[in-house]
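Hello,

I am passing on a structure that will be new to you, and my notes on it follow below. Have a look at it first, then read on whenever you have a quiet moment.

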Amino acid sequence: ALPISSSRAAATSLVQSIIRQYGRVPRFRVAATRLKTYYLDMMSSVFCLCPVAGGGDGTQRVYESILLGCIPVLIGADVELAFADRVDYSTFVV
């Protein structure tokens, strides 16, 4: 397992790479900050990137994605989601 700081740095680097590669592709919206349309954007998306660091940091976006009908795409290592012993996240989280 990677230390939390390494996981966070790797996730940040990956997100920045995705923004560089896909940031100008039509229908691929990437925002570095929470816009006024944050929830509407998630509701109209099929997949939502969820950069998380080990130890559970940043998992709020995972749950927001699920609640808004967007498939969470986890970016990070050692992610522990709530109720993993009761919920089979592999059926709807990438």
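Before we start, one term: a residue is called buried here when its relative accessible area is under 20% and exposed when that value is over 50%, with partly exposed in between. Please also keep in mind that this is a predicted model.

First, the overall picture. The protein chain has three helices and two strands, and along the sequence they come in the order α-α-β-α-β. Of its 94 residues, 23% are buried. The chain exposes about 6600 Å², and 58% of that comes from carbon and sulfur atoms. Among contacts with a separation of 6 or more, 48% are between residues 24 or more positions apart.

Now to helix H3, which spans residues 60-67. Which of its residues are buried? They are Val-62, Glu-64 and Ser-65. Looking down the axis of H3, you will find these buried residues within an arc of 165 degrees, so they line one face of the helix. As a general reminder, an α-helix has 3.6 residues a turn, so residues three or four places apart point the same way. The cover over the buried residues of H3 includes helix H2 (38-43), strand S1 (47-51) and strand S2 (71-75). After H3 comes Gly-69, which has a positive phi near 80 degrees.

Ser-65 deserves a look of its own. This residue of H3 has a relative accessible area of 0%, so it counts as buried. What does Ser-65 touch, leaving out residues up to four places away in sequence? Its partners are Met-42, Cys-48, Cys-50, Cys-70 and Pro-72.

Another residue of H3, Val-62, belongs to the largest nonpolar core. That core has six residues, and the other members are Cys-50, Leu-81, Val-52, Tyr-89 and Val-93. Two of them are worth following further. Val-93 touches Pro-72 and Leu-74, again not counting residues up to four places away in sequence. Tyr-89 sits in the segment after S2 and is buried, at a relative accessible area of 13%. Outside its neighbours within four places in sequence, Tyr-89 is in contact with Tyr-63, Ile-66, Leu-81, Ala-82, Phe-83 and Ala-84. Tyr-89 and Pro-72 are 17 residues apart in sequence, and their C-alpha atoms are 9.9 Å apart in space.

One of those contacts of Tyr-89 is Phe-83, which is also found in the segment after S2. Is Phe-83 buried or exposed? With a relative accessibility of 52%, Phe-83 counts as exposed, because the cut-off for that word is over 50%. Phe-83 also has a positive phi of about 60 degrees, although it is not a glycine. For context, most residues other than glycine have a negative phi.

Finally, the surface. Val-46, Phe-47, Ile-71 and Val-94 form a nonpolar patch there, and together they have about 370 Å² of accessible area. Ile-71, one of these four, lies in strand S2. Its relative accessible area is 30%, so Ile-71 is partly exposed.

If you would like a place to begin, try Ser-65 in H3 and then move on to the six residues of the largest nonpolar core.

Enjoy exploring, and best wishes!

How values were computed. Residues are numbered from 1 along each chain as its sequence is written. This is a predicted model: local features need pLDDT of at least 70, side-chain atom pairs count only at pLDDT 80 or more; totals for chains, interfaces and linings use all residues. Side-chain values use heavy atoms; hydrogens and water are left out. Buried means under 20% relative accessible area, exposed over 50%, partly exposed in between (1.4 Å probe, protein chains only). Helices (H or I, at least four residues) and strands (E, at least two) are DSSP runs, numbered from the N terminus. The arc is that of the directions from the helix axis to the C-beta atoms. Contact means heavy atoms within 4.5 Å. A nonpolar core is a set of buried Ala, Val, Leu, Ile, Met, Phe, Trp, Tyr and Cys residues joined through side-chain atoms within 4.5 Å. Patches are made of residues with over 30% relative accessible area and no salt bridge: like charges are joined within 9 Å, nonpolar side chains (Val, Leu, Ile, Met, Phe, Trp, Tyr) within 5 Å. Accessible areas come from the Shrake-Rupley method with a 1.4 Å probe; for residues, only the protein chains shown count as cover. A salt bridge is a side-chain nitrogen of Lys or Arg within 4 Å of a carboxyl oxygen of Asp or Glu.
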